[in-house]
Structures are given as C-alpha cells and as structure tokens.
Amino acid sequence: MPENAVPPDTSPQASSAPADPPQAQALMEDIRLLGRILGDVIRAQEGEDAYELVEQVRSLSVAFRRDDDQGSNQALQRLLRSLSTDQTVSVIRAFTYFSHLANLAEDRHYLRRRQVHERAGDVQRGSIAAALERIAAAGIGPETVADTLAHSHVSPVLTAHPTEVQRKSILDAERDIARLLAERDALRDRVVAPGTEAALRREFDANEQRIQVRVVQLWHTRLLRPTKLTVADEVENALSYYETTFLHQVPRLYDDLEAALPSQPVASFFRMGQWIGGDRDGNPNVGAATLDHALRRQAEVVLRHYLTEVHRLGAELSVSGALSAVSPAMQALADASPDTSEHRADEPYRRALAGIYARLAATLKDLTGGDAARHAVAPQNPYARAEELAADLRTIDGSLRDHKLSALAAPRLSQLRRAVEVFGFHLATVDLRQSSDQHELAVAELLAVARVCPDYAALDEEARRALLLDLLRDARALRVRGAEYSELARGEIAVFDTAFEALRTFGPQALRHYIISHTE
C-alpha cells in the first residue's frame with residue numbers, strides 16, 4: 001500500500017474529537033509508515049501482481065468515497081466480480097490487516113494526545129482525575145470519598161463469547177507493533193545533539209525493521225482459528241489479559257487514587273471477576289471440572305506473578321543491617337527465613353524475601369501442582385491464606401517506613417501489597433451461572449429420590465415456595481448418599497461440591513455470586 005493509504009473509517013477525520021496539529025501529523029506518519037510496510041510485505045511475499053491488484057482496489061475505493069466518482073465505483077464493481085477465489089482472499093487479507101494496523105496507529109494517537117494534555121495539567125473527560133475534580137467542586141471532601149469507596153464493590157467481569165475468534169498470536173504481534181509505535185514517539189521527542197543525526201536515523205530504521213518483522217508474521221498467521229475454542233482455551237485467553245494488563249495496571253489505579261486522596265486510606269474496592277469456567281447456562285461443556293481448572297489456573301497465574309515480584313524485590317532491597325536498623329517484627333521474619341547464606345547474613349530484607357519466596361513456591365505446589373522457577377532455599381510451609389502473605393509484606397513495608405526508607409517501598413512493594421489485597425490467591429471471582437429450568441429439573445429429581453415430593457414440577461408456585469422453605473429449615477441433607485441420580489443431577493451436585501471446596505482452598509473471594517438466569 002502506498003504512503004497515502006487511508007481506508008474508510010480509519011482516517012483522522014473519522015475521529016470524533018479534534019486533533020492537535022502535531023499529534024495529527026504523527027498519526028498520519030504512523031498510518032503511512034504501516035501502510036508502506038504492509039505494501040512492501042505484500043509485494044515481497046505475494047508478488048508484484050498481487051500488490052498492484054490491492055493498490056488498484058484501494059485507488060478506486062478512495063476515488064469513489066472521496067470524490068463520489070461513479071465511474072470509479074463501476075470499475076471497482078467490475079474488478080471485484082472478475083477476481084478469482086485466491087485473489088479475493090488476498091485482497092480481503094490485505095485490507096483487513098491494514099484496518100488492524102490503522103487502528104493501532106489511532107490507539108497510539110489517542111494515548112499521545114492524552115499524554116500531551118496530562119503534561120499541560122489538563123484532565124480528560126471520563127478520567128479518574130476529572131471525576132474527582134467534579135466531586136471536589138460539589139463540596140464532597142476526600143474523607144467522604146474514601147469512606148464511600150470503602151463500602152463499595154466494583155467488579156468488571158470478563159465473559160467468554162463464541163464470537164471471540166481473534167487469535168492470541170495476532171493479539172501478541174499487534175501489541176508488539178503498538179509498543180514499537182510508542183518507541184517511535186520517544187525517538188521523535190528526542191533532542192538530537194549536533195553530529196548525532198545519523199545515529200538517530202539508524203534507530204528509526206531499526207525500529208521500522210522490527211515493525212516489518214511483525215507485519216510479516218501477521219501476513220503468514222491465520223486470522224481465525226480453524227477449530228472451536230474449548231473452555232480451557234477460553235480460560236487461557238482471559239488469563240493472558242491479566243498477565244499483560246490487570247496484574248500491573250490495577251495496582252497503579254489505586255496509586256492514582258491514593259495520590260488524589262492524600263492522607264486517606266483507599267480500600268480495595270475494585271476487583272476483577274469472570275464467568276469463564278463457571279457459566280453453565282447454555283454450555284454443556286462447563287461443569288465441575290472446568291470450574292476447578294479455571295480456579296487452579298487463575299491461582300497459578302497470580303502466584304507466579306507474586307513469585308516474580310518478590311524475586312525482583314529481593315534484588316532491590318539489598319539494605320544492610322549494619323547500616324540501617326529494622327523493626328523487631330522484621331528481624332523475626334528474617335530470622336525465620338531458611339536462607340542461611342553467609343553472603344546475606346547482614347541483609348535482613350533479602351533473607352525475609354527469600355523465605356516469602358519459598359513459602360509462595362510451596363503454595364504454588366500445593367494449590368496447582370506447579371513448580372516455581374527458582375529453588376535457592378529449602379522448601380517451606382505454604383501460605384494457608386493470602387492474608388498471611390499480606391501480613392509478611394506489611395511487616396517489610398512498616399520496617400522500611402519506620403527507618404527512613406520509604407522510597408524503597410515504592411513502587412514495587414506497595415503495588416505488590418495492593419495486588420495481594422485485590423487478587424489474593426484466586427486472581428478473580430468466578431461467577432457461577434445456570435438456567436432456572438435446569439435447577440428445577442435437578443431439584444425435582446432430588447425431591448423424588450428422597451421421597452419428599454414425587455412430582456415437584458406439577459406443584460403451583462405457592463406450594464413450591466412452602467415446600468422449599470420447609471426444606472431450608474430442615475438441617476438434614478436432601479441428597480441421598482449412594483442413590484443413583486441422572487447425569488444432569490450429578491453434574492449440578494458436583495458443581496456445588498467443587499464450589500464448597502474452592503471456598504476452603506482459595507478463600508471467600510474466589511466465588512461470590514451465583515446467577516440464576518431465565519427466572520420466572
């Protein structure tokens with residue numbers, strides 16, 4: 001595609017907000033760059049004829065859209081009708097990938113504009129800063145805001161949809177292109193000393209080459225999956241977002257709130273949720289096994305994140321006990337560590353973190369069966385609850401702050417502490433969901449086998465309510481041990497058994513909600 005390629009609905013004119021001239025220029029530079037790279041890849045991979053065909057379609061489309069040229073429209077229609085199947089696929093792929101790349105450029109443009117406004121001290125509509133400004137203007141003080149948040153629960157929920165067919169390979173490549181576009185911004189902003197222009201040009205060229213590598217990868221990667229996703233695949237797709245975004249950004253969100261509400265403690269009111277693995281409504285492939293798998297994979301992701309952060313924290317907290325005192329609780333934590341290396345004998349924080357790492361490794365093994373990447377010290381007892389880990393981190397944080405080392409607590413330790421509060425050992429609350437008609441069938445079978453009611457479905461609403469309320473007052477279990485139940489009833493019972501065990505294993509935040517759909 002030529003440098004001036006701008007497809008419908010991705011041009012800067014399509015943006016709802018006016019663009020500042022420097023940012024608009026950078027947007028156009030990015031779109032032209034990505035269009036040129038894609039064109040070069042098509043030419044190199046598919047040949048000159050394929051490139052010229054795509055360019056012809058593009059030129060006719062632009063002429064018709066921009067100039068309302070009916071002759072171009074008719075020529076375009078004739079050209080499209082004459083294409084072979086292979087040519088049609090090639091054209092579709094070219095414009096699909098260009099649309100993806102142009103969207104990446106626009107995403108970068110919006111981030112660029114936000115950064116410019118933030119540097120100027122402006123706030124954007126919809127941002128936390130804008131909301132807090134409006135709250136302050138209404139005469140509501142920070143204490144009231146903090147108290148309100150302490151009694152709030154906000155939980156965005158990730159769901160699995162059959163229409164979510166975009167592959168992780170595509171998403172990963174596009175994320176890398178987005179990162180490389182951000183790198184180009186840094187190169188544009190660099191102040192160039194006399195005589196270093198050539199070096200900067202080489203960095204731009206190297207950046208472009210890395211973008212080209214990713215575009216080649218995209219061109220030779222299937223856009224869509226050839227087979228239907230399993231529930232396990234959906235779980236993995238959702239977890240990839242935690243690894244790339246939520247585990248890092250949610251603690252930073254709290255940092256922003258704490259900065260905006262100085263001297264006010266901000267409760268962990270914002271937590272993640274998801275349906276994947278627990279949403280049985282209309283999906284016969286979801287049951288007790290998928291719920292157990294989802295919870296254990298979530299635990300593995302969050303525990304490996306904690307292990308990585310604790311390891312990095314140990315590299316940073318090289319404080320010598322000979323140069324800085326520690327609190328008694330901190331000293332006790334260090335003394336309990338299995339790290340007996342003489343090289344760290346006077347480094348209490350590192351010894352304590354080695355012990356925390358060992359306990360986290362044991363927790364990972366206990367909850368998921370997985371092994372930590374590092375085993376530098378002897379195995380330790382696992383943490384029974386995330387609150388125990390939070391208490392150890394709080395001990396380290398308190399000692400640092402009490403001995404004039406607050407700078408070492410931020411940002412990694414403070415963000416790790418917040419992550420443990422928010423994500424625990426469960427990562428995200430899994431919402432269970434089932435249709436009311438499936439519940440009715442299962443309840444009717446339980447009642448019939450227990451010889452409580454032979455035909456629950458035949459009862460009217462009032463009789464059902466009276467029966468169920470009586471059963472809720474009865475301490476005896478409705479399930480008859482050893483009785484033969486249908487596959488449906490066994491599946492529903494197994495989900496509740498798994499949920500009961502999950503609450504004991506992963507804590508009360510692992511399962512908070514049970515949604516009954518299609519109620520009457």
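User: How many of the 21 residues of α12 are buried?

Analyst: Keep in mind that this is a predicted model. In it, helix α12 is mostly covered. Out of its 21 residues, the buried ones come to 16.

User: What distance separates the end C-alpha atoms of α12, and what span should its residues give?

Analyst: Take 1.5 Å a residue for the 21 residues of α12, and the helix should span 30 Å. The separation of its end C-alpha atoms agrees with that, so both values come out at 30 Å.

User: Which residue follows α12, and what is its phi?

Analyst: Right behind α12 sits a glycine, Gly369. Its phi is positive, near 85 degrees.

User: Is α12 roughly parallel or roughly antiparallel to α13?

Analyst: The axes of α12 (residues 348-368) and α13 (residues 386-402) come within 11 Å of each other. They cross at roughly 170 degrees. Angles over 145 degrees count as roughly antiparallel, and therefore α12 relative to α13 is roughly antiparallel.

User: Which residues of α13 make the contact with α12?

Analyst: From α12, the contact uses Tyr349, Leu353, Ile356, Arg359 and Leu360. By class, the α12 and α13 contact holds eight nonpolar, one polar and three charged residues. The α13 side is made by Glu388, Leu389, Asp392, Leu393, Ile396, Ser399 and Leu400.

User: What does Ile396 touch, leaving aside its neighbours within four places in sequence?

Analyst: Ile396 is one of the α13 residues in the contact with α12. With its sequence neighbours within four places set aside, Ile396 is in contact with Leu317, Met330, Leu333, Tyr349, Leu353, Ile356 and Leu413.

User: Which residues touch the most other members of the largest nonpolar core?

Analyst: As general background, nonpolar side chains in soluble globular proteins tend to be buried together. Here the largest nonpolar core has 74 residues. The ones that touch the most other members are Tyr306, Ile356, Leu360, Leu389, Ile396, Phe423 and Phe425.

User: Which element gives the largest share of this core?

Analyst: Elements giving two or more residues to this core are α6 (142-150), α9, α10 (288-316), α11 (328-335), α12, α13, α14 and α17 (487-506). The largest share is 12 residues, and it comes from α10.

User: How many residues are in the other core, the one with Leu79?

Analyst: Another core lies apart from the largest one. Among its members are Leu79, Ala105, Leu180 and Leu181. Its residue count is 33.

User: How far apart are the end C-alpha atoms of helix α4?

Analyst: Helix α4 (residues 85-119) has 35 residues, and at 1.5 Å a residue it should span 51 Å. Just after α4, Gly121 takes a positive phi of about 85 degrees. Back on the helix, the end C-alpha atoms agree with the expected span, being 51 Å apart.

User: Which residues does Gln87 touch, not counting those up to four places away in sequence?

Analyst: Gln87 has its place in helix α4. With a relative accessibility of 34%, Gln87 counts as partly exposed. Its C-alpha is separated by 37 Å from that of Leu111, 24 residues along the chain. Not counting residues up to four places away, Gln87 touches Leu53 and Ser82.

User: How far apart in space are Thr88 and Pro194?

Analyst: Thr88 lies in helix α4, and its relative accessible area of 28% makes Thr88 partly exposed. In sequence, Thr88 and Pro194 are 106 residues apart. From C-alpha to C-alpha, the distance is 51 Å.

User: Is Asp68 buried or exposed?

Analyst: Asp68 is found in the loop between α2 (48-67) and α3 (70-82). Its phi is near 55 degrees, a positive value in a residue other than glycine. The relative accessibility is 52%, and exposed means over 50%, so Asp68 counts as exposed.

User: What is the relative accessible area of Ser263?

Analyst: Ser263 is in the loop between α9 (231-260) and β2 (273-274). Its phi is positive too, near 70 degrees. Ser263 is exposed, with a relative accessible area of 72%.

User: Which residues does the cis peptide bond at Pro411 join?

Analyst: Pro411 lies in the loop between α13 and α14 (412-423). Omega is about 0 degrees for this cis bond, which joins Ala410 and Pro411.

User: What percentage of the protein's 520 residues is buried?

Analyst: The protein's secondary structure comes to 17 helices and five strands. Its C-alpha trace spans about 80 × 75 × 55 Å along the principal axes. Of the 520 residues, the buried ones make up 42%.

How values were computed. Residues are numbered from 1 along each chain as its sequence is written. Side-chain values use heavy atoms; hydrogens and water are left out. Axes are lines fitted to C-alpha atoms, for helices over the stretch in contact, and angles run from 0 to 180 degrees between N-to-C directions. Helices (H or I, at least four residues) and strands (E, at least two) are DSSP runs, numbered from the N terminus. Angles under 35 degrees count as roughly parallel, over 145 as roughly antiparallel, 65 to 115 as roughly perpendicular and the rest as oblique. Contact means heavy atoms within 4.5 Å. Ala, Val, Leu, Ile, Met, Phe, Trp, Tyr, Cys and Pro count as nonpolar, Asp, Glu, Lys and Arg as charged, and the others, Gly among them, as polar. Buried means under 20% relative accessible area, exposed over 50%, partly exposed in between (1.4 Å probe, protein chains only). A nonpolar core is a set of buried Ala, Val, Leu, Ile, Met, Phe, Trp, Tyr and Cys residues joined through side-chain atoms within 4.5 Å. The expected span of a helix is 1.5 Å times one less than its number of residues.
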